[in-house]
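Please work through the following exercises with the sequence and the coordinates at hand. Each task is followed by a worked solution.

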Amino acid sequence: MRLLKAMQEGERFSSTEETIVEYILSHPAQIAEMTTRELAEKTYTSPAAIFRLCQKLGLKGYNEFKIKFTSEINRTLPCGAHIMRRPITDKDSTSDIVRKLAQLEIEAIEETKNEMDLTQMERIAELLDKADIIDIYAYDQNFSLAQMAVYNFLQVKKTAVAHNSLNSQLSAALIADKHHLAIIISRSGLNQRLIRTARILKKQGIKTILLSVNRETKLACLCDEFLYVANTLDYLDLGGNIFSVGVRYYFDVLVSLLLSRHFTEVESFYKEFENYLGHADDDDRLW
């Protein structure tokens, strides 16, 4: 919810901009259908003032603002339309939970997708393609995401290693060279151990990609590429689940980009892999 958060930080805006922001936040359902001129008339301002506000929010113009604002505001509507705060309570039936979790994951993917920069994704795919070794740094729940990513990268013939202990992370960072690429997973971006690891990677000249929710953190500043992942901070809002969905989505896209680049080669590799693993009708199969 980066755009909404930025809009709520009123000290950043002039009095004219505050008037526009207050109107938008008070009339979210109408904004998607309003033109710049109509919004200017409603707020007794000007189209130029609205354009300046959009630029201050890091957007190219009002149309881009409407798309992002509508996407984010949809996730804050009451249950029944979209899910945000406390999606699961003691009043939910089994069918409610099944439906809500499906909707929650769909929304997490949609918000993450809406934030994706295709040019950036292609740039990162190029970095992954050129790297001999992909080091993934993560802790706790995020380490399971790193392990899953390692397996998926191996399936497209990319060597990847997941590091979750402090000793392993520091050692891996210190011995990394130009043939390595680093990926860091941090929901908060505030983990001091990961910040220390990122400093080493930067000193070593290693390209680093961060998957997180906030680009304004010290960790984000130490990394070369920042990928925004949909999230809510509170555990009871299922923030960890939402973040995990977004991270898996990013990895799936990146692995698929590599697969697309080297499809014939990967197809040949997978046939050989299956020969060693065994087929369903083999008596000596390993599974």
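The exercises below concern a predicted model.

**Exercise 1.** Determine which secondary-structure elements the protein chain has and what part of its residues is buried.

*Solution.* Begin with the elements: the chain has 14 helices and five strands. Next, apply the burial cut-off, under 20% relative accessible area. Of the 287 residues, 43% count as buried. Finally, consider the contacts between residues at least 6 apart in sequence: 68% of these join residues at least 24 apart.

**Exercise 2.** Establish where pLDDT stays under 50.

*Solution.* Start from the whole chain, which averages a pLDDT of 88, with 93% of the residues scoring at least 70. Then locate the segment in question: pLDDT stays under 50 over residues 77-84. For this segment the model has 18 contacts beyond four places in sequence.

**Exercise 3.** Classify the ring pair of F153 and F251, and state which helices hold the two residues.

*Solution.* Rings pair if their centres lie within 6.5 Å, and planes over 60 degrees apart count as edge-to-face. By this rule the chain has five aromatic pairs. For F153 and F251, the centres are 6.1 Å apart and the planes stand at 90 degrees, so the pair is edge-to-face. F153 belongs to helix α9 (residues 141-155) and F251 to helix α13 (residues 239-261), so the pair ties together parts that are 98 residues apart in sequence. Both F153 and F251 are buried.

**Exercise 4.** Identify which residues ring pairs link into a cluster.

*Solution.* Following the ring pairs gives a cluster made up of Y62, F65 and F69.

Technical notes. Residues numbered from 1 in each chain as written. Predicted model: local features only at pLDDT ≥ 70, side-chain atom pairs only at ≥ 80, totals over all residues. Heavy atoms only, no water. Helix = DSSP H or I, 4+ residues; strand = E, 2+ residues; numbered from the N terminus. Buried < 20%, exposed > 50% of the residue type's maximum accessible area, 1.4 Å probe, protein only. Contact = heavy atoms within 4.5 Å. pLDDT = per-residue confidence, 0-100. Phe/Tyr/Trp six-rings, centres within 6.5 Å; stacked < 30°, edge-to-face > 60°.
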